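Student: I'd like a close look at one part of this model, the one where charged side chains meet the ligand. Could you take me through it in one go?

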Amino acid sequence: MKNVILFGPPGAGKGTQAERILKERDMFHMSTGDAFREAVSKGTETGRLAKEYMNRGELVPDEVVVKIVEEKIAGIDGAKGVLFDGFPRTVGQAEALDPVVDKLGRSLDSVINIKVGDEEVIGRLEGRRMCRNCNRIFHASWNPPKQKGVCDDCGGEIYQRDDDKREVIMQRLETYNGQTKPVLEYYGKKGILKEVNGVAKPDEVAKEILAIL
Ligand code: AP5
């Protein structure tokens, strides 16, 4: 049972790689972004709060994020690994995760940093489209759904995220550089940080990640 963190700037391909890893490994996908989007679509209190931060390209407060993660992973079969995606993204969240995994008898095996530059990220996010039902990720130019507006997998509606507008993307990058990047040093000191080149075909990036796992 491996517990792994997929790390990287917005648009690095964390969700795209998680889809591929989960086809090869029986792991629980803990995406905080997906969890918040689900809460937003259900109209819960957490969703209402998270939406304000997400639409500004800012981070949801640590205590809200940690609580949602703790609740979601507490009930997972101990034999099943957890694939963290988009969490932790502050040093405070990383510090809060340590006792949570300890309490569950788990340990963190690797933090995989998917390296991609800012210009690439902007092009990816402006063109990103997602399925409202199953969260499958597409790109309007280089990976569009076969039928316009319809998900290839589940027939769900394809949409563009509110935070994939240029001004919000720029803010998300700033947030990443200021608040999230320091997490790399935290895990570097623990000796579990690995890096992969994210500017390659998604299947090639996946191969590199699976070799690490
Ligand atoms: P979240 O949903 O986690 O967004 P993010 O980290 O900004 O990451 P993205 O989902 O934008 O990108 P990704 O790396 O998954 O890339 P993807 O695979 O989609 O978080 C959203 C918001 O929620 C945050 O801004 C914050 O407000 C809040 N939040 C979430 N977690 C939080 C936390 N822990 N703490 C506080 N707040 C939190 O790919 C992008 C595009 O590129 C796609 O179109 C894809 O097809 C394409 N692509 C992917 N890989 C490749 C490739 N190799 N080559 C070419 N194109 C590619």
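Student: Are R161 and D163 buried or exposed?

Tutor: R161 and D163 are both buried, which here means under 20% relative accessible area, with exposed being over 50% and partly exposed in between (1.4 Å probe, protein chains only). Before going on, a word on the model: it is predicted, so local features need pLDDT of at least 70 and side-chain atom pairs count only at pLDDT 80 or more, whereas totals for chains, interfaces and linings use all residues. Residues are numbered from 1 along each chain as its sequence is written, and side-chain values use heavy atoms, with hydrogens and water left out.

Let's start with D163. D163 sits in the loop between β7 (158-159) and α7 (166-180); helices (H or I, at least four residues) and strands (E, at least two) are DSSP runs, numbered from the N terminus. The relative accessibility of D163 is 9%, which is why D163 counts as buried. Leaving aside residues up to four places away in sequence, D163 touches M54, V168, I169 and R172, a contact being heavy atoms within 4.5 Å.

D163 also pairs with R161 in a salt bridge, with the closest N and O atoms 2.9 Å apart. The term covers a side-chain nitrogen of Lys or Arg within 4 Å of a carboxyl oxygen of Asp or Glu. The pair belongs to a network of salt bridges linking R128, R161, D163, D164 and R172.

R161 leads us on to the ligand: an N or O atom in the side chain of R161 is 3.1 Å from an oxygen atom of the ligand. That is a polar contact, a pair of N or O atoms within 3.5 Å (within protein, one must be able to donate a hydrogen and the other to accept it, and residues adjacent in sequence count only if both atoms are side-chain atoms). The protein covers 95% of the 1000 Å² of accessible area that the ligand has on its own; such areas come from the Shrake-Rupley method with a 1.4 Å probe, and for residues only the protein chains shown count as cover. Nitrogen atoms of the ligand have polar side-chain atoms beside them too: one of Q93 lies 2.9 Å away, and one of R124 lies 3.3 Å away.

Around the ligand are 34 residues, and R128 and R172 from the network are among the closest, together with T16, T32 and E58. To belong to this shell, a residue needs a heavy atom within 4 Å of the ligand. The shell divides into 15 nonpolar, ten polar and nine charged residues, where Ala, Val, Leu, Ile, Met, Phe, Trp, Tyr, Cys and Pro count as nonpolar, Asp, Glu, Lys and Arg as charged, and the others, Gly among them, as polar. α1 (14-24), α2 (32-42), α6 (118-127) and β6 (137-139) each supply at least two of these residues, and α2 gives the most, with four.

That makes α2 a good last stop. Its buried residues are T32, G33, D34, A35, F36, R37 and A39, and they pack against several elements, including α3 (45-56), β5 (128-131) and β7. α2 has a salt bridge as well, between E38 and K42 (2.8 Å, N to O). E38 is partly exposed at 37% relative accessible area, while K42, at 59%, counts as exposed.
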